[in-house]
Every structure is written in structure tokens, then in C-alpha cells.
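Look over the sequence and the structure below. The report then takes up a few topics in turn, with short headings.

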There are 2 protein chains.
Amino acid sequence: MNLSPSAAAGGGLPDQPASPEVSEEHKCLNSELWHACAGPLVSLPAVGSRVLYFPQGHSEQVSASTNKEMESQIPNYPNLPAQLICQLHNVTMHADAETDEVYAQMTLQPLSPQELKDPFLPAELGNASKQPTNYFCKTLTASDTSTHGGFSVPRRAAEKVFPPLDFTQQPPAQELMAKDLHGNEWKFRHIFRGQPKRHLLTTGWSIFISAKRLVAGDSVLFIWNDNNQLLLGIRRANRSQTVMPSSVLSSDSMHIGLLAAAAHAASTNSRFTIFYNPRASPSEFVIPLAKYVKAVYHTRISVGMRFRMLFETEESSVRRYMGTITGISDLDPARWPNSHWRSVKLDGMSQLLERGNQGCLYGRLSL
Amino acid sequence: MNLSPSAAAGGGLPDQPASPEVSEEHKCLNSELWHACAGPLVSLPAVGSRVLYFPQGHSEQVSASTNKEMESQIPNYPNLPAQLICQLHNVTMHADAETDEVYAQMTLQPLSPQELKDPFLPAELGNASKQPTNYFCKTLTASDTSTHGGFSVPRRAAEKVFPPLDFTQQPPAQELMAKDLHGNEWKFRHIFRGQPKRHLLTTGWSIFISAKRLVAGDSVLFIWNDNNQLLLGIRRANRSQTVMPSSVLSSDSMHIGLLAAAAHAASTNSRFTIFYNPRASPSEFVIPLAKYVKAVYHTRISVGMRFRMLFETEESSVRRYMGTITGISDLDPARWPNSHWRSVKLDGMSQLLERGNQGCLYGRLSL
DNA sequence: TTGTAGGCTTGTCGCCGACAA
DNA sequence: TTGTCGGCGACAAGCCTACAA
């Protein structure tokens, strides 16, 4: 019997579907878990609503993923404006089969001048991403990922999201089953022992760690949902970006492809498809139109204005920071004249701006 | 100290460079090993020569890699002909850092009508890929890849490519060092033992197998080159295509990107960059111009004509098959009128045509 | 409360020849 | 000639408590 390293670990390994990409297409991902993995700041516009699509932001996602800047020889697309008002026909949530990276596929259709005159529908502000209530997220320590032991569950976390243990047993222990994004089930022994007493996941843990190739610094996320199911997600640390295998298409062609696809769709008012990868992309590039209109026309952004901005903490909760806008400029005025995809200078926040540092104002700032 | 599974295996593991993608750029890959991994049928046109670039074939490479056919909403590029005569400015050989997949990067520049009038240079037929002489390639068995043992070296192979053992020792054994495509060194114990006697690689073998994630059916390839160095390459089995993570860009955009990049380069006579991935691509799409001219103008392909075609055997040698052409048609006459990227019907060869079944005539057929 | 070190048990890796295809 | 099996020893994975931050 021959087994690959990860499959060999496999006593507790779930069966892999025969053709992952096919079942991937049709399986409906658990939305709750997807949003938890994407993080509290990521929301997806509602299907049917009108959105603004920024090719420049989309381009930044490709740059961030391929680790290559766009080069000079990019053709001009005179018919492609810096932002495109679109109808959002479809949104589906996905997870990469290899890495569990979450991403969304969206079908957009640029609106004709006629359609642009339609009044707003009330739903267009987009429903905020509902984060689950019964969940916890922990960044893995060296001990958690070493081959030498199991997973140390923070006490409050275990009490909040795991089913209660039967403390009449000695030691108290139970078996936990958790489903990941692909619907695969993972089995863990949950035990409460040691001096002082603590919650641990032992048997099954190292199989999970090695199958998902998790290392110290990555995070795991447990959710106890309303159907009394345990869900299990992961978030990898931002380790020098996943180098996307570009052995098939140059990154230049990718940039051109995204621009040409948008330009073509704009000129023919036809549908096009994009992928939004919230943890790879520096910022959101598909924004609810209503949110944008509110920010631009009702609250003009200007130097000196006070703002607040949301950030994600290590434990996946949200923190607010206040600041003042000290400068505004277009990032690439030659290529994208009058783009609202602007770079904003803020006071004293440089250390916070790891992700989203050139993020679209309308996605993250509140005024 | 925390280590990922493969790194943890690491007693004999070579040091990983600090920033693999950067050193990758500047390191010169071993050409001999690259060609051996690419296979005996793959040749690269000479730098400076004139070549024919087929966007349609390039598109097929993307389809094969993403497992997605091109969809309907592709814009037209009226200025993009089915084939583009280009100057080949640069060719570099690469290997994917994750998978060791070999690919080539080429810089092409469409020729102006003026330049097209230049006479051929003698070198333009392209030098055939020189396959190394002292090498062997073996498809791994279940035993070779199991955690239970080492690698059984075919007798003739060991005698041909490994340094001779000292048979006065009991048992005869030596240490072998082999360099892979990235220049990393792997250390193996080569021993001649058992009843009956055989050549085995033991210590170091399973570290290599698990680091490269090889499974039964994949192949390994040892070369003893003229500098008395041992080189080591791998060829993965065609297992339902490597599903390329496309969580960043839709495959439609990739197709459009390649077409738009070529169209833009054609209209401005400027350089563009493509990747040719010989084992992912169904066929060659950059062909020496001289080869093409010879095939089209000197030997018109027609129904009834006898031909021979080269194929690769499991052991990486070349086998010839003879046949008769029974039909010729353009694959996609609507999109590519008068393309020479044709589909040829052949007699009784269906079972042979796993790869290259829609391959460019001029690359693989000899008349 | 929770991370890491260290002891102890046990499972698996990996080297070996036997045997048969 | 070479693929797979059963054997067996070495060693590391993995469960446990102690201790300290």
C-alpha cells in the first residue's frame, strides 16, 4: 500500500472526494465559516444589488498574489473608466482545495446609461457580514504545532464553544468532530487534565496540523453553530504571500486580462467574472454603490477631516482607531485620471497599516 | 523550535534559500537537467531566431492548466492574426519552486512588415534538444515510495550512471550526492546487497520522496554529466492535471489577457512575455519559423499523406509511429479563420494521442 | 491561566533478507 | 532481475505532569 505523506497520516483523515474541483463547483460552502475565515471586516455585496468595480484594485490583488508589479507595456483601454457601475448577478463563496484560502466569485454586468437612472433599492447598502457568536480563534504557538504534543485550548474558548465535559469522569474527556470548509470531518480527543487543569485537544490534532500544513503563527478557528455542529477553519499568517504558480501565464498577461475583460464587458454591457480573495487582496475593489454614493456625495473626504477605521486584532475581533486625514492623492493619475481609488495620508498610523494600506476609502473608513 | 512537516524531516535536507523566488530569477538552471525533465520531444527555439507564435495554442495551455475551457464572452481582436511572426529575444529556463515543474519564459517581439523581408539566418532551424547520454529514468513503484523502504535501482541503470562501487567491501556501498533543478543537493546511501544482490538507495531516499511529495507512478531521473556531477530530476505523472489555484483571476480573464497582450504587441511591434510549460501544454505554440516554412511551403500537408510522429515512452526514450492522414480541419474556424493550427485526423492512433492530440503539426509530425 | 520542558510509552520508520513474479 | 513481504531494532511521535512566566 502506498500513501503520500499527508494521506499516510490518515487514520482520522476524511475521505477525499474523487474529483475535488467538480464537487467544489456544486457544493454550497458554509457561509458562516467562510465569513469567519475571511475575517470580521470582509463583507460581500448582496446579489442583485448595484456595485462599483475598481479595475485598479483588482489589479492590486493580482500584483499582491503574483508578487510582481505591473510592467510598462500595458495597452491603454480608453473605454475603461477607473470605476465601473455594475449589477451584481451572482456571488459564490469558495475555498482553495490546496490551501483552504477563501475567495469569492462574482458575476458583474456593467450598467447601461439607461439602467443607471433606476432608483436605489433599499437592500443596496449590503448586509453586514454576520460573524458567528459562538466561536473562537487562536494563533497557534510553537507547542501547538510541534510534533511533540497537542493543542492547548484557551479556557474561556473551550467553555464557550465546545460541548460541556462530563466532570464525573476522571479525567473528563470527549470526542469532538469538526467540519472544515470543504465539508471534511476531523476528529479530536478533547481532554481536561494536567496540573493545573487545562483543556487540550490530543489525538487527531497532529494529523490535522500536518494535513493542513499549519505552522506556528497561523490561526485556527472553531465555531459552534446553531445546528449544534462544530466548524473548523484556518487562517494562515501573511508569510511573504503565497507565491502563485505563474508557470503558465505571465503576470503582465494577467493584468492585461483583467483590464481587457472589464473593458470588453463595459463596451458591450455584458457579464464578466472576477475573483475576490479577501486575504490576498490589499483592499476591496467591489463596493456597494450606495455606500460609495454616501461617502462621495454626502460626506466629501477632505484633508483635516476626522475619521475612524476598523482593524482586525489577532484574536479576530474588531478594534477602532481614530485619526485625521492629512493628505489625499490619486495613486496613478496618468493611467487612471480622476480615479477615486485614492491614497490617503493619515496621522500616526503607519504601524497599523499592514493590510489595506491603500485600501479603498469607502470600504474601510467611516467618517 | 517549530518546523513544518517536510522541513522537520530535514537531517539531510539542503538549506532553503532565504528568498526562493528572487534567487530563482537570477540562478541559471542546469539546461541539461531541464531538458531531461521536459522530455526528449521538447526543444526550445534559439535566442535571436525568428519564430511563429500561435495564440490559440497558448490558450490551450491555459485551458489545460486551469481545467477550464474558454467561455463565450471573449472579445474579438481583429488585429490579432492566428499566427504571429516574432523575433525571439530571450529564453530562460525555470522550475516551479513548489512542484519542480519545468517551464520556459520567452520574450517575443512581433516583426514589422519591413523586418519580415530579411533573409533567413542559418541558425534559425533551432538546435535540437540535446538529451544527456548518461542518464536513466524510472517510474516509481509502490515499494519505492512507501515509508517502509528505499529505492530499488535497476541494475543496468546503476551500472551506467552511478560511480562504480568498491566490491572489495562487504557489502559494497557509497554515498551519492545529487543536485536537483534548484541546485539543492540530496544525499543518498547507495548499497549493493540482498539475496539476490541488487542496487538500492536507502538512507536519504524517504526524505527526498516526502520533500518532493512523490507518489507511485511519478518518475525520477538521474543524470551523470560531463563534469562528473550527479543530477536528479522528477516528472510527475499526469494525474488529472495539477489544479491551478485560480483564486485570484478567472480563467476567462487569463485567456483574454493572453490574447490582448499578443494583440497589443502585434499592433505596436513591442515585446511581450509568455511562459511555455511543456508538460502542461497540449502542444508547442512557439515554433521556429524555418521549420514552419518548410512544412507549409515545401511539404504541403494533405489527406492521404504518410507521416511519422515521435512519441515518448515511459522510460523517456523516443519511439516512432507511422500513419496516414485521413482528414484536416481548422479547429475553430469562426474565431481563427485560416489558422494553420489545425486538427488532423489520423488512422488508428487514438490510443496513442494522450498528449499532443491537437498538437501543432509542425512541431511533432515529420513528413 | 497557559507556554514550554522533560519523562515515559508506543507506534512507525526504515534497513534487512526471503521469496516469487 | 526486481517488486513486495515479514522481521526487527532504533528513534521520534505523542501523551502525560511539573514548573514557571
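## Terms and model

Residues are sorted into three classes here: Ala, Val, Leu, Ile, Met, Phe, Trp, Tyr, Cys and Pro count as nonpolar, Asp, Glu, Lys and Arg count as charged, and the others, Gly among them, count as polar. By that sorting, the surface near DNA strand C has 4 nonpolar, 11 polar and 6 charged residues. The model is predicted.

## Around DNA strand C

The surroundings of DNA strand C hold 21 residues. The nearest are A:Ser143, A:His148, A:Arg155, A:Arg198 and B:Arg193. Some atoms of DNA strand C come within 4 Å of the protein; 52% of these belong to sugar or phosphate, and the rest belong to bases.

Which atoms meet the phosphates? A polar side-chain atom of A:Lys138 sits 3.2 Å from a phosphate oxygen of DNA strand C. Chain B takes part too. A polar backbone atom of B:Gly194 is 3.2 Å from a phosphate oxygen of this strand. For B:Thr203, an N or O atom of the side chain is 3.1 Å from a phosphate oxygen of DNA strand C.

## Around DNA strand D

DNA strand D is surrounded by 22 residues. A:Arg193, B:Ser143, B:His148, B:Arg155 and B:Arg198 are the closest. Of the atoms of DNA strand D within 4 Å of the protein, sugar and phosphate make up 52%. The surface near this strand divides into 5 nonpolar, 11 polar and 6 charged residues.

Three side chains of chain A can be followed to phosphate oxygens of DNA strand D. A:Arg193 has a side-chain N or O atom at 2.9 Å. A:Thr147 places a polar side-chain atom at 3.1 Å. A:Thr203 has a side-chain N or O atom at 3.2 Å. Two elements give two or more residues to the surface near DNA strand D: strand S7 (185–193) of chain A and H6 of chain B.

## Where the two chains meet

Chain A and chain B each bring 46 residues to their contact. The area buried between them is about 3,800 Å², and carbon and sulfur atoms give 63% of it. How many salt bridges are counted between chain B and chain A? The count is 0. Polar contacts do occur: 6 residue pairs across the interface, both residues at pLDDT 80 or more.

On chain B, several elements each supply at least two residues to the side that touches chain A. They are helix H2 (20–26), helix H4 (55–66), helix H6 (142–145), helix H9 (251–268) and strand S11 (272–276). H9(B) gives the largest share, 8 residues. This side of chain B has 20 nonpolar, 19 polar and 7 charged residues.

## A covered helix in chain A

Helix H3 (residues 31–38) of chain A is mostly covered, with 7 of its 8 residues buried. The buried residues are A:Glu32, A:Leu33, A:Trp34, A:His35, A:Ala36, A:Cys37 and A:Ala38. Their cover includes strands S2 (84–95), S3 (102–110), S6 (173–179), S9 (219–224) and S10 (230–235) of chain A.

Both ends of the helix have details to find. A:Asn30 caps the N-terminal end of H3(A), with a side-chain oxygen 3.0 Å from the backbone nitrogen of A:Glu32. A:Gly39 follows H3(A), and its phi is positive, near 105°.

## A buried phenylalanine in chain B

B:Phe222 belongs to strand S9 (residues 219–224) of chain B. Is B:Phe222 buried or exposed? B:Phe222 counts as buried because its relative accessibility is 0%. B:Phe136 is 86 residues from B:Phe222 in sequence, yet their C-alpha atoms are 5.5 Å apart in space.

Notes. Residues numbered from 1 in each chain as written. Chains lettered and ligands numbered in written order. Predicted model: local features only at pLDDT ≥ 70, side-chain atom pairs only at ≥ 80, totals over all residues. Heavy atoms only, no water. Contact = heavy atoms within 4.5 Å. Buried area = accessible area lost by both parts, 1.4 Å probe. Salt bridge = Lys/Arg side-chain N within 4 Å of Asp/Glu carboxyl O. Polar contact = N/O pair within 3.5 Å; in protein donor to acceptor, adjacent residues only side chain to side chain. Helix = DSSP H or I, 4+ residues; strand = E, 2+ residues; numbered from the N terminus. Buried < 20%, exposed > 50% of the residue type's maximum accessible area, 1.4 Å probe, protein only. Near = heavy atom within 4 Å.
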